[in-house]
Amino acid sequence: MAQTTQETADWVSRLADDVIAEAERRAPGKPVVCASGISPSGPIHLGNLREIMVPHLVADEIKRRGVDCVHLLSFDDYDRFRRVPGGIGVPESWSEHIGKPLTSVPPPPGSPYASWAEHFKAPLLAAMAELGVEVRAISQTEQYTAGTYRDQILFAMRERRRIDAVLGRYRTKQAESEVVDGAVDGAVDEAAAQGSGAATEDDGSEGSGDYYPYKPYCAVCERDTTTVTSYDDETTELAYACECGHAETVKLTEHRRGKLVWKVDWPMRWAYEGVIFEPSGVDHHSPGSSWVVGGQLVKEIFGGVQPIGPMYAFVGITGMSKMSSSRGGVPIAADALEIMEAPLLRWLYARRKPNQSFKIAFDAEILRTYDEWDALARKVASGAAQPADAASYLRATTTAAGELPATPRPLPYRTLTSVLDITTGDDEQTLRILTELDPANPVRSLDETRPRLDKAANWVATQMPAETRTRVRAEPDGELLASLDERQRESLALLRDGLADHWSLDGLTTLVYGVPKIQAGLPADAKPTPELKAAQREFFVLVYRLLVGGDTGPRLPTLLLAVGADRVRSLLGG
């Protein structure tokens, strides 16, 4: 897919330039490796999704240029089960599984999946398919239990004293950072809250005695509540004792129920996989954290190079201060895709640099988000978009593999939500109204407006507050109509009489704004003055009260179309 310089003038293309240059320096002729890591310890929410979207966008840009590139997605499903998340219907009895690998923990009650890890991986994989995100998925459970990292584990155990020395330098730095002003920086705290928890894992130090970077899972209770008591480099015999009372000696050349501690595991994989690009969250970048320490370990111990790795900021939800996968009730990608089209969700990640935080709207702010998106689409179509904006739109609507599915007739999202609110989702009434929006180019079938129509219907059904729902009056408000003065009656008559000649969205817009102009003796194209705006607001409030019994509601032209001309005339006293 050919691109111009204008189309790629954004943060993605600049990172792609750096990654390609670094790959040519390190491993010329080999595929460029971009990487992500996700721990399926709970709902993989929209903050976690940035861990995937940043390398996806960069890898996709590299592929667009015809360069061989792979995006590895490591599921850290061999991590320990740390806590029982709230809000997802799991009883406290699940705490008996704390310390087991995530793939050894049963799924939440009623789940069709085999394990805790699979339960939370499945919706992410489905969402990624809808988003056009292609990865090579790796299960760390499979990697470790298959013995894939056997040589790396043996090497790390032989070099344990050197590893401990590197970690020791950073344990001091981390301790110092945590007492500055009595707390770790607030931004780190906030980002850590939405992280997987891996960044806060210990480095394998027991505080006394010998250091071992390998942590066995107990052969009896399956937990990692174990302590390595001895290790022989020659025979590879490792002895451990578990808190459950079990103790045994195993040969590390054969043992496959354990893993390297996180701060050693991550740099080991950078070297093993030849990772060139991997971003990480703020929680990985504080002094003494896994990214900082890993950069030294990969160089000094594993003979590799730390990836290019920009720090990405947190993602919020309108109305929520932070997200954490250790808590339930946080939106995941599948939730977002229920109410927004895949290109829009991609755009939210593509338009912001990784170090810029942003929010995703599940409340009424989504209407404004869609307005921005549609305005951008018009600018791109006309050639008026700025280069970076055009690039983010291109990345949102296409991948190196082709275009993402789009709505053939993308009517304004706020219009669709208003119509669906009033019709309560009745297809026949919805089609009638949508057909009348633009009689010169009518909607012939609801399929033309899908999937956007379905996303809007889901938003109305699940997110629209009950107090903002529209309830059209069943009968005219006789008391209010009887109390109107002559000027108010005249305004309603002008509106009623103009319906037939203005029955389209644009026509009704002209009509409702024009009634106060006519009453003021002004031409239809009169510029708004403070007095005219006040008269228009007063007129709108009157119409809303007569139609829906409140001072506000959906955009008035849309409301009139939805109610229907005959019913409007009746409710307005005609």
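In this predicted model, strand 6 and strand 7 form a hairpin with 4 residues between the strands. Within that hairpin, Gly245 takes a positive phi near 110 degrees. The two strands run antiparallel and are joined by 5 bridges. One residue pair shows the register: Ala241 stands opposite Ala247 in strand 7.

Strand 6 also takes part in a second hairpin, this one with strand 5. Here 5 residues lie between the strands. Thr236 sits in the turn and has a positive phi of about 60 degrees. Strand 6 covers residues 237-242. Its pairing with strand 5 is antiparallel and extends over 5 bridges. Two residues of this pairing can be followed across to strand 6. Thr226 stands opposite Cys242. Val228 has Tyr240 as its bridge partner.

Together, the three strands make up an open sheet. Their order is 5-6-7, and the pairing is antiparallel. Strand 5, residues 226-231, is one edge strand of this sheet. Strand 7, residues 247-251, is the other. Each edge strand pairs on one side only. Strand 6 lies between strand 5 and strand 7 in the order. Neighbouring strands of the sheet are turned against each other by 25 degrees on average, with direction ignored.

How values were computed: Residues numbered from 1 in each chain as written. Predicted model: local features only at pLDDT ≥ 70, side-chain atom pairs only at ≥ 80, totals over all residues. Heavy atoms only, no water. Pairing = 2+ DSSP bridges. Axes fitted to C-alpha atoms, helices over the stretch in contact; angles between N-to-C directions.
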